[in-house]
Amino acid sequence: MNKKLTWREKISYGVADMGFNFYWTNVATFLLIFYTDTFGMSAAAAASMMFTIKIINAFTDPMIGAAADRTNTRWGKFRPYLIWVPVPLACAAFLTYTTPDLSHDGKLIWAYGTYLAMMVCYTCINIPYNALSGVLSADPQERSTVNGLRFIFAFAGGTLVTAATPALVQWLGGGNDKLGWQLTMLTWSVFASLLFVFTFLNTRERIAPSPEQNSNVWQDVRDLSQNRPWVALFFLALIIMITITLRTSSAAYYFKYVVNRPELMAGFVPAYMLAAAAGASLTPLMTRFIDKRKLMMILMTITAVLSSAFFFVPKDQIVLMFALQVGMGLALGPKSPLAFSMYADTADYNEWRTGRRATAMTFAAATFSQKLGTAIAVAVIGSIFTQLGYVANAAQTAVSQAGIVWLMSFIPAAFALLAVAVMFFYNLDNQKLLQIQADLEARKS
């Protein structure tokens with residue numbers, strides 16, 4: 001269980017998250033502006049639709065997690081999903097970024113249906129993948145290393161998507177944005193599918209529930225609701241996702257309507273992604289000297305300070321904008337490998353406390369909170385834009401511009417500080433984790 005993983009397996013696990021970001025970063029960064037400026041939806045309708053689908057999809061997460069925990073094949077519980085789901089996901093994504101020749105109501109129905117299909121397919125492969133990190137090894141430091149490496153690939157994928165997508169839309173579409181978005185998403189989907197298969201072929205599952213374990217889904221849910229460190233991580237994930245989504249989704253509007261230089265988006269988000277990858281790479285080193293809980297609190301405090309500072313940057317100070325963005329990337333980069341390593345720790349804690357293990361459910365309920373956070377952030381953006389009188393592809397009023405700046409600064413900063421407060425309720429430190437691992441080994445031997 002505490003096997004030291006080879007670098008081949010660590011890298012093979014990590015590259016799949018690059019593929020996931022070919023989808024996730026596209027949705028987080030470009031889908032809203034695709035719907036408003038290409039598909040032809042109002043900001044209010046697009047935000048409402050995305051919020052509704054995120055909420056619906058969030059509730060499918062525990063169901064998929066429960067199904068994954070109860071999957072039994074000769075390849076394991078979680079790995080098979082990496083070859084079962086890529087093609088349906090690619091088809092759904094292609095249709096999501098397709099603009100049909102329909103009436104207003106017809107297009108709205110199309111958007112709801114295709115976006116929901118894409119998110120459900122994404123969940124069907126992403127939750128088992130997340131759970132896989134918890135069964136590769138029981139060593140907490142190995143988990144930190146695996147997840148640190150994973151998010152280096154994730155941020156690299158996000159960097160590639162944000163840097164290349166606008167150019168791909170123009171090149172593949174030949175000036176036709178509707179065709180460009182459609183073919184661009186198809187391109188990313190094909191590459192993502194190849195990475196998922198590579199991960200399937202080069203990883204192994206080593207931790208399994210006790211053969212005598214007999215629990216139902218509701219028992220899993222009750223266990224999680226009584227798992228204090230997991231509950232803290234649930235709210236942490238929700239709040240951090242609100243913080244990140246507010247800034248990421250607002251950035252395209254900020255450079256288009258406040259700075260009046262939309263071409264800077266091709267470098268702004270990639271600058272964050274590269275810095276985040278650097279931060280993620282340092283996670284295993286930092287966790288050797290700083291407890292995970294304390295490290296998360298430090299990182300979110302730094303994020304709040306840097307985000308607040310963005311409010312005071314004049315719109316012609318491009319270098320300062322990028323410097324703050326890089327600083328936030330360095331601070332937020334370690335939070336993802338930290339959080340996913342901590343989720344695996346809470347799965348161990350749950351088994352230690354109750355005698356039952358539900359790894360996929362642990363991660364599924366966590367992604368539930370992330371999607372809920374994304375939905376709330378999109379709803380906040382849509383509500384603010386509606387109140388400020390946002391009009392797509394038109395000069396914005398001073399009030400509208402001010403609202404966009406707040407979405408890039410003080411509002412996400414407030415959520416980052418709230419994340420710090422939540423971490424006071426997380427009660428698993430390094431000494432406690434060592435005791436848990438020793439007790440679990442003793443039980444199984």
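User: In which helix is the place of lysine 292?
Analyst: Happy to help. This is a predicted model, where local features need pLDDT of at least 70, side-chain atom pairs count only at pLDDT 80 or more, and totals for chains, interfaces and linings use all residues. Residues are numbered from 1 along each chain as its sequence is written, and side-chain values use heavy atoms, with hydrogens and water left out. Helices here are DSSP runs (H or I, at least four residues), numbered from the N terminus, and residues 292-309, which include lysine 292, form helix α12.

User: Is lysine 292 buried or exposed?
Analyst: Buried means under 20% relative accessible area, exposed over 50%, and partly exposed in between (1.4 Å probe, protein chains only). Lysine 292 has a relative accessible area of 6%, so lysine 292 is buried.

User: With the side chain of which aspartate does the side chain of lysine 292 make a polar contact?
Analyst: A polar contact is a pair of N or O atoms within 3.5 Å; within protein, one must be able to donate a hydrogen and the other to accept it, and residues adjacent in sequence count only if both atoms are side-chain atoms. One such contact, of 2.8 Å, joins the side chains of lysine 292 and serine 341. Another, at 2.7 Å, links the side chain of lysine 292 to that of aspartate 345.

User: Which residue caps the N-terminal end of α6?
Analyst: Look for a side-chain oxygen 2.9 Å from the backbone nitrogen of glutamine 141. That oxygen belongs to aspartate 139.

Note on methods:
Helices (H or I, at least four residues) and strands (E, at least two) are DSSP runs, numbered from the N terminus.
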